[in-house]
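Student: I am new to this model, and I would like to know where its descriptive words come from. Please take me through the values and the cut-offs behind them.

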Amino acid sequence: MRDPATASSQATIKAPMKANSVRWSTFAAPSRFYALAGKLVPWFWAVTAIFAAAGLFIGFAIAPADFQQGNSYRIIFIHVPAAWMSMLVYLVMAFWAVWGWAFNTRLASMYARALAPTGALFTFTALWTGALWGKPTWGTWWVWDARLTSEFILLLLYLGYIALTEAIDDARRAANAGALLALVGVVNVPIIYFSVRWWNTLHQGATISATSAPKMASIMLTALLLMTVAFWAYSFAMALTRARAIVLEQEADTEWVRRLATTKKG
Amino acid sequence: MDAIYWKSFGDFIHMGGHGLYVWGAYAMTLAVMVIEPALAAQRRRSALATAADEVNT
């Protein structure tokens with residue numbers, strides 16, 4: 001066990017050194033991050049709840065059935081946001097993993113590890129809801145086409161990243177090995193995104209793209225975008241909550257965590 | 001309300017014959033979004049408890 005006084009100074013020594021040049025680096029102190037994230041989490045939950053309620057109401061009570069697919073299309077309101085977030089979370093995770101690796105920022109590596117389970121669960125959700133949408137629409141739960149296969153590979157990348165970082169006890173070595181895996185896996189994200197254009201897939205083309213008008217009624221689009229905001233806020237709430245837990249785990253022998261732990265216990 | 005698409009609650013549950021698929025998709029998503037936050041909150045609490053134990057020993 002390290003001396004508490006030196007251990008606590010380790011946590012804060014980085015911030016004052018950089019504080020003159022880069023202001024935001026003060027939040028790079030795990031103790032400050034912990035407090036700030038704790039304040040933000042309830043707001044992200046509030047946004048999640050409000051936007052999900054509005055999106056589900058419009059998507060289920062107001063929006064009519066699709067003229068081709070009937071009511072099975074309503075799965076889109078969770079399937080597309082989950083699929084989008086599965087890709088976005090991966091990119092953000094890889095960014096922080098590489099940032100932590102390149103600049104030796106422990107907090108960045110903690111963000112990356114905090115994001116991985118959420119990304120994996122979004123990927124699983126996208127695959128699950130896709131299977132349940134595929135059955136009534138295509139007549140099959142699953143097909144090894146480019147879109148579905150590359151999304152499945154994304155799930156394997158997340159699981160590989162989690163397994164690798166959990167398997168290495170030393171936090172820094174775990175973060176660096178994970179960063180390499182995350183970085184290599186980034187190549188899969190554009191493959192998922194453009195798969196429906198590059199290959200002939202059973203999966204339909206993009207619902208919304210930057211270059212053409214949305215291929216859906218505006219009431220359906222409204223519900224989809226509201227649900228996307230809800231999923232986005234959910235990701236933040238989850239990642240911040242898990243990052244706080246990881247900060248406590250990795251800083252367990254510092255003075256501020258000890259003080260926090262003992263005052264919480266009363 | 002005229003704006004509501006469904007004629008009855010049973011109609012809504014039935015989803016025009018796609019109820020199993022639609023509700024199966026939403027049930028799993030809801031389960032994930034309830035269990036994941038619970039596990040993460042639990043992880044933070046146990047990290048605090050571990051840190052407190054280390055102080056006492």
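Student: Where is B:Met15 placed in chain B?

Tutor: B:Met15 sits in the loop between helix H1 (9-14) and helix H2 (19-56) of chain B. Helices here are DSSP runs (H or I, at least four residues), strands are E runs of at least two, and both are numbered from the N terminus. Keep in mind that this is a predicted model: local features need pLDDT of at least 70, side-chain atom pairs count only at pLDDT 80 or more, and totals for chains, interfaces and linings use all residues. Residues are numbered from 1 along each chain as its sequence is written, while chains are lettered from A and ligands numbered from 1 in the order in which they are written.

Student: What makes B:Met15 buried?

Tutor: A residue is buried if 20 or more other C-beta atoms lie within 10 Å of its own, exposed if 12 or fewer, and partly exposed in between, with C-beta atoms placed from the backbone. B:Met15 has 20 other C-beta atoms within 10 Å and therefore counts as buried. Its phi is near 55°, a positive value in a residue other than glycine.

Student: Why is A:Asn104 called partly exposed?

Tutor: A:Asn104 has 13 other C-beta atoms within 10 Å, so the count falls in between the two cut-offs. A:Asn104 also has a positive phi of about 55° although it is not a glycine. Look for A:Asn104 in the loop between helix H3 (76-103) and helix H4 (106-138) of chain A.

Student: What makes A:Pro81 buried?

Tutor: A:Pro81, found in helix H3 of chain A, has 28 other C-beta atoms within 10 Å, so it is buried. A:Pro81 touches A:Met227, A:Thr228 and A:Phe231, leaving out residues up to four places away in sequence; a contact means that the two C-beta atoms, placed from the backbone, lie within 7 Å. The C-alpha atoms of A:Pro81 and A:Val229 are separated by 8.4 Å, with their positions 148 residues apart along the chain.

Student: How do you know that H2(A) and H8(A) are roughly antiparallel?

Tutor: The axes of helix H2 (residues 30-62) and helix H8 (residues 218-250) of chain A cross at roughly 155° and come within 7 Å. Axes are lines fitted to C-alpha atoms, for helices over the stretch in contact, and angles run from 0 to 180 degrees between N-to-C directions. Angles under 35 degrees count as roughly parallel, over 145 as roughly antiparallel, 65 to 115 as roughly perpendicular and the rest as oblique. The angle is over 145, and therefore H2(A) is roughly antiparallel to H8(A). By class, the residues of this contact divide into 27 nonpolar, six polar and one charged (Ala, Val, Leu, Ile, Met, Phe, Trp, Tyr, Cys and Pro are nonpolar, Asp, Glu, Lys and Arg charged, and the others, Gly among them, polar).

Student: Why are H4(A) and H8(A) called oblique?

Tutor: Their axes cross at roughly 130° and come within 8 Å. That angle lies in none of the other three ranges, so H4(A) and H8(A) are oblique to each other. Among the residues that meet here are A:Met110 and A:Tyr111 in H4(A) and A:Ala243 and A:Val247 in H8(A). This contact has 10 nonpolar, three polar and two charged residues.

Student: What makes A:Val247 buried?

Tutor: A:Val247 has 24 other C-beta atoms within 10 Å, so A:Val247 is buried. A:Val247 touches A:Pro30, A:Phe33, A:Tyr34 and A:Met110, not counting residues up to four places away in sequence.

Student: What makes H5(A) roughly antiparallel to H7(A)?

Tutor: Helix H5 (residues 146-167) and helix H7 (residues 188-198) of chain A have axes that cross at roughly 170° and come within 8 Å. That is over the antiparallel cut-off, so H5(A) is roughly antiparallel to H7(A). Their contact has eight nonpolar, three polar and two charged residues.

Student: How many helices and strands are there in chain A?

Tutor: Chain A has nine helices and zero strands. Of its 266 residues, 39% are buried.
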